[in-house]
Structure formats: C-alpha cells, structure tokens
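Reader: I am a first-year student, and I would like a close look at one part of this model. Please take the aromatic side chains and then move outwards from there.

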Amino acid sequence: MSREDATAIVDGMKATIDEAWYRVCRHVGVSERDCELIRSAFVYEEFGYNLEDPTIATDDVEELPTIRPR
C-alpha cells in the first residue's frame with residue numbers, strides 16, 4: 001500500500017470517528033455526562049501519524065532500508 005493510500009485511510013477513519021462517536025454513543029444510551037467522560041478516547045490531538053517517524057513500518061520497496069552485509 002502506498003503512503004498516500006495509507007494516509008487517506010487514516011484520515012478517513014479520523015473524520016468518521018470525529019463526526020460519529022458522540023451520536024453513536026447517545027444512540028445506544030450513553031448519557032451526556034458519560035459521553036463527556038469518555039470523549040478523550042475518541043477525540044484527541046495525538047490520533048494520527050507522523051510520516052517522518054522512523055519507527056513507522058513500511059512495505060513500500062522505495063522506502064525500505066538497504067540491506068547491508070555484516
């Protein structure tokens with residue numbers, strides 16, 4: 001999967017969650033008070049990715065490190 005495809009998927013997931021979590025919780029009977037208590041599980045700045053993070057795995061051949069003999 002390309003980086004662009006992966007980014008689009010994560011961005012779509014974030015948009016869906018941001019838009020729907022409260023409505024879904026209320027629909028299944030979660031009180032407004034409890035929604036506020038669990039809000040941070042759905043809405044937080046850290047959700048996402050840093051494409052410059054070297055620990056993010058990739059299977060994109062162009063981005064794989066060169067294998068060096070020992």
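Author: What follows starts with the aromatic rings, then turns to the surface and the charged side chains.

This is a predicted model, in which local features need pLDDT of at least 70, side-chain atom pairs count only at pLDDT 80 or more, and totals for chains, interfaces and linings use all residues. Residues are numbered from 1 along each chain as its sequence is written, and side-chain values use heavy atoms, with hydrogens and water left out.

Begin with the rings. The structure holds two aromatic pairs. Trp21 and Tyr22 make an edge-to-face pair, 5.6 Å centre to centre, with 85 degrees between the planes. Trp21 also pairs with Phe42, and this pair is stacked: 5.2 Å centre to centre, 10 degrees between the planes. The rule is simple. Rings of Phe, Tyr and Trp (its six-membered ring) pair if their centres lie within 6.5 Å; planes under 30 degrees apart are stacked, over 60 edge-to-face, and the rest tilted. Together, Trp21, Tyr22 and Phe42 form one aromatic cluster.

Where do Trp21 and Phe42 lie? Trp21 is in helix H1 (residues 3–27), while Phe42 is in the segment after helix H2 (32–38). The stacked pair therefore ties together parts that are 21 residues apart in sequence. Helices here are DSSP runs (H or I, at least four residues), as are strands (E, at least two), numbered from the N terminus.

Now check how covered each ring is. Trp21 is buried, at 6% relative accessible area. Tyr22 is partly exposed, at 30%. Phe42 is also partly exposed, with 31%. The cut-offs are these: buried is under 20% relative accessible area, exposed is over 50%, and partly exposed is in between (1.4 Å probe, protein chains only).

Phe42 leads us to the surface. Met1, Ile9, Met13, Ile17, Leu37, Ile38, Phe42 and Val43 make a nonpolar surface patch of about 680 Å². H1 and H2 are the elements that give two or more residues to the patch. H1 gives the most, with three residues. Patch residues have over 30% relative accessible area and no salt bridge; like charges are joined within 9 Å, and nonpolar side chains (Val, Leu, Ile, Met, Phe, Trp, Tyr) within 5 Å. Areas come from the Shrake-Rupley method with a 1.4 Å probe, and for residues only the protein chains shown count as cover.

Next come the charges. Side chains of opposite charge can pair when their charged atoms come close. A salt bridge needs a side-chain nitrogen of Lys or Arg within 4 Å of a carboxyl oxygen of Asp or Glu. A search of the whole structure finds five of them.

One joins Arg23 and Glu19, at 3.5 Å from N to O. How far apart are Arg23 and Glu19 in helix H1? They are four residues apart, so about one helical turn separates them. Arg23 is partly exposed, at 49%. Glu19 counts as exposed, at 53%.

Another salt bridge joins Arg33 and Asp34, with the closest N and O atoms 3.8 Å apart. Arg33 is exposed, with a relative accessible area of 63%. Asp34 is partly exposed, at 35%.

Glu36 and Arg39 form a salt bridge too, their closest N and O atoms being 2.9 Å apart. Glu36 is partly exposed, at 47%. Arg39 is partly exposed as well, at 32%.
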